[in-house]
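Work through the exercises below with the model open. Each task is followed by a stepwise solution.

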Amino acid sequence: MKKEKIRRTLVGWQGIVAEVPCDWSLASIGGDGKSGYFRVDSPHSLSLEVKWFTGSSERIDVRRRLEEFLKDLGRKAKKRKVNFEHKIKSKEDGTISFTWQADRKAVGKLTRCDHCRRILIAQVSGLSSDNVSGVASQILSSLMDHSEDGWQTWAVYDLIAEVPPDYRLEKHQLMAGYIRLNFRKGVNRLTIERWGLADVALRKCTFTEWYADRVRYDFRPFRYSMQEVDFDGESAIEVTGRRHGLKEILRSASELLRGKSPAIFLDACAWVCEESNKIYAVQAVHSRQEKVFDEVVDRVECH
């Protein structure tokens, strides 16, 4: 019998990335690049959970941390009056694998990376009737704690993007019809957005009219020009601008007095992806020396 090929997608947060079946969805996130957590749920009873923390592997007894993690699960099972069993196995490459079983069961692993100094505990869990080990072997083998070039991958729902490693997530919005990720590096800022249902959004206006209305508040401190362009065959808009007005001059002067090159330049790009029926946008407010905008745009996957 021919084995059915499962379509897969990426889930990534703070540069930690896993490949999961397309019908799995991000259910919970928390923390930052140093310490955090995310959970991805299948449509039924399977889940992927990833926890991470940062520290020197020489100073941290990682096996003890795993034992504490499993001990906590055991305490919770005991409160539910459920028997809890687990096994731990250390491998030659430094990875520690584990399994546990209570009213659910799980297969997981602990890894530590000398490059990014992050220690990950990841597990796939499900009901006793689920093929947990089969699913876990595919998902856990795809787990990555950093990319080869250092750029951080962010993959939430149908937005997959990469940002330079020195940009930190400042705030985010994750809604069904709208995703926004705001990053910051000193005075420089990056914003990546995705809107759903482009055909509905553009039913009563042109793309330029729609986008101008979306960014009128964000772009208020700038004198800018907006033009329609072709972006790899997609309808797109490019924006270039520069801060203006007395308030912005004082703001730039303040940044100069603090020894920082002021972020006075605006670059933005938005495009309609016909295949996914989504609208994507990237904007950068940056200093003269900061030139990452074009590469960030190139690293946004829309379909």
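A pocket here is an open set of points on a 1 Å grid over the protein atoms alone, with protein on both sides within 12 Å along at least five of seven lines; a cavity is a set where a 1.4 Å probe fits but cannot get out; lining residues have an atom within 4 Å of a point. Points are joined across faces, edges and corners, and a volume is the space filled by probe spheres set on them. The model is predicted: local features need pLDDT of at least 70, side-chain atom pairs count only at pLDDT 80 or more, and totals for chains, interfaces and linings use all residues. Residues are numbered from 1 along each chain as its sequence is written, and side-chain values use heavy atoms, without hydrogens and water.

**Exercise 1. Describe the second largest pocket.**

Step 1: volume. The second largest pocket holds about 530 Å³ of space.
Step 2: lining. It has 22 lining residues, and Arg189, Asp218, Pro221, Phe222 and Arg243 lie nearest the centre.
Step 3: elements. Helices (H or I, at least four residues) and strands (E, at least two) are DSSP runs, numbered from the N terminus. At least two lining residues come from each of β12, β13 (178-185), β14 (188-195), α5 (246-257) and β18 (278-286).
Step 4: classes. Ala, Val, Leu, Ile, Met, Phe, Trp, Tyr, Cys and Pro count as nonpolar, Asp, Glu, Lys and Arg as charged, and the others, Gly among them, as polar. The lining of the second largest pocket then has 9 nonpolar, 3 polar and 10 charged residues.

**Exercise 2. Do the same for the largest pocket.**

Step 1: volume. The largest pocket holds about 620 Å³.
Step 2: lining. Of its 29 lining residues, Gln14, Gly15, Arg118, Asp145 and Gln152 lie nearest the centre.
Step 3: elements. β10 (152-156), β11 (159-163) and β12 (168-174) each supply at least two lining residues. β10 gives the most, with 3 residues.
Step 4: classes. The lining divides into 10 nonpolar, 10 polar and 9 charged residues.

**Exercise 3. Which residues line the largest cavity?**

Step 1: count. There is 1 cavity of 30 Å³ or more. The largest cavity has about 50 Å³ of space.
Step 2: lining. The residues are Tyr167, Arg189, Leu190, Ala284, Val285, His286, Glu290, Lys291, Val292 and Phe293.
Step 3: elements. β14 and β18 each supply at least two of them, and β18 gives the most, with 3 residues.
Step 4: classes. The split is 6 nonpolar, 1 polar and 3 charged.

**Exercise 4. Trace the sheet.**

Step 1: order. Two strands pair if DSSP finds at least two bridges between them. An open sheet of 7 strands runs β12-β13-β14-β18-β17-β16-β15, with antiparallel pairing.
Step 2: edges. β12 and β15 (222-231) each pair on one side only.
Step 3: one pair. β12 and β13 run antiparallel and are joined by 6 bridges. Glutamine 173 has arginine 180 in β13 as its bridge partner.
Step 4: packing. Contact means heavy atoms within 4.5 Å. Axes are lines fitted to C-alpha atoms, for helices over the stretch in contact, and angles run from 0 to 180 degrees between N-to-C directions. Helix α4 (residues 207-215) lies across β14, β15, β16 (234-243), β17 (265-273) and β18, at about 40° to β16.

**Exercise 5. Which residue forms a salt bridge with arginine 299?**

Step 1: criterion. A salt bridge is a side-chain nitrogen of Lys or Arg within 4 Å of a carboxyl oxygen of Asp or Glu. The whole structure has 18.
Step 2: partner. Arginine 299 pairs with aspartate 149, with the closest N and O atoms 3.0 Å apart.
Step 3: placement. The pair links distant parts of the chain, 150 residues apart: arginine 299 sits in the segment after α6 (293-298), aspartate 149 in the loop between α2 (132-142) and β10.
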